[in-house]
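Hi everyone, thanks for making the time. I'd like to walk you through one structure today, so let me put it up on the screen.

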Amino acid sequence: MQVTFLGTGTSQGIPIIGSKHPVCLSTDSRDKRLRVSVLIEWDDYTYVIDCGPDFRMQMLTNNISKIDGILFTHEHADHTAGLDDIRPFFFRQGDIPIYAHQRVLEQLKVRFAYIFATEDRYPGAPAVKEFEVKNEAFKLGNTYVTPINVYHNRLQVFGFRFFDFAYLTDVKTIEEEEMQKLQGLKVLVVNALRIKSHHSHFNLEEALEFVAKVKPEKTYFTHISHLLGFHEEVEKSLPDNVFLAYDNLKISI
Ligand SMILES: [Zn+2]
């Protein structure tokens, strides 16, 4: 399978509008981060995890002409606000499958009522096919995906395991029994927001402690804020086999 990091930034992205922080002013392309999302491809399947406000540019930059569905981790705007931009896919492919916790589906119906409307639909509105994700493996294409239940402060969030790859974002805590699902990983992606502690995200130290427990072959950090520092400097400080992800990085697993 191939994973493309479509976005690796925290909710405001980097640079932040109007910010004079040195990381926001950096000329290193790896310090420019769109809102967090990944593209997962295997055989002829293409899925996206999350659909934030940068979805349109992410699809254009990576020349994506078809998606088989979108998996949502949770309902926060940096993970969902781009849903209207599925329109070009909808016009070509029909209803776009979306996979999410029931609570997240209900939230999407409030925010994008016209997408879910069954009567008096505006002719240009896209439509989706809903699939509720519970905390049990579900079929996706020709494989099964395992959800991993984590917490973003008190908000439930799903991570997803595809084969020996797991994607976890917006994690602050995880129960011991969910850790079992992370055994034998070739690649782990997990959030590392910044240096200082935060009420709903792993900071760098917590993310490194988590990696030491999970022991994947390789780890990439994502959902990065400007307060983590410059990509080049932070990456030098990391242990072997732990990396910072950056936008448009592709990895094969
Ligand atoms: Zn987020």
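One definition before we start: strands here are DSSP runs of E with at least two residues, helices are runs of H or I with at least four residues, and both are numbered from the N terminus. Please also keep in mind that this is a predicted model.

With that naming, let's go to the loop between β9 (155-162) and β10, where we find Phe163. Its phi is near 50°, a positive value in a residue other than glycine. As a reminder, most residues other than glycine have a negative phi. Is Phe163 buried or exposed? Neither quite: Phe163 has 16 C-beta neighbours inside 10 Å, so it counts as partly exposed.

There is another positive phi to show you. Asn241 has a phi near 70°, and again this is not a glycine. Asn241 sits in the loop between α8 (231-236) and β14 (242-244). Because Asn241 has 12 C-beta neighbours inside 10 Å, it counts as exposed.

While we are on backbone geometry, have a look at the peptide bond between Ile14 and Pro15, which is cis, with omega about 0°. Pro15 belongs to the loop between β1 and β2 (37-42).

Now for strand β12, residues 187-191. How many of its residues are buried? The count is 5 of the 5, so β12 is largely enclosed by the rest of the structure. Val187, Val189 and Asn191 point one way, while Leu188 and Val190 point the other way.

Who are the neighbours of β12? Strand β10 (residues 165-168) runs parallel to β12 and is joined to it by 4 bridges, with Tyr167 partnered by Val189. Strand β13 (residues 218-222) is also parallel to β12, through 5 bridges, and here Val189 stands opposite Tyr220. Helix α7 (residues 204-214) comes in as well: together with β12 and β13, helix α7 makes a right-handed β-α-β unit.

Last stop, an open sheet of 7 strands. Its order is β6-β5-β4-β3-β2-β1-β15, and the pairing is mixed. At the edges stand β6 (128-132) and β15 (250-252), each with a single partner strand, so one side of each is left without a neighbour in the sheet. From one strand to the next, the twist averages 20°. If you zoom in on the β15 edge, 3 bridges join β15 to β1 (residues 2-7), and these two strands run antiparallel. One pair to pick out there is Val3 with its bridge partner Ile251.

Methods:
Residues are numbered from 1 along each chain as its sequence is written. This is a predicted model: local features need pLDDT of at least 70, side-chain atom pairs count only at pLDDT 80 or more; totals for chains, interfaces and linings use all residues. A residue is buried if 20 or more other C-beta atoms lie within 10 Å of its own, exposed if 12 or fewer, and partly exposed in between; C-beta atoms are placed from the backbone. Two strands pair if DSSP finds at least two bridges between them. A crossover is right-handed if, with the strands pointing away from the viewer, the path from the first strand over the helix to the second runs clockwise. Axes are lines fitted to C-alpha atoms, for helices over the stretch in contact, and angles run from 0 to 180 degrees between N-to-C directions.
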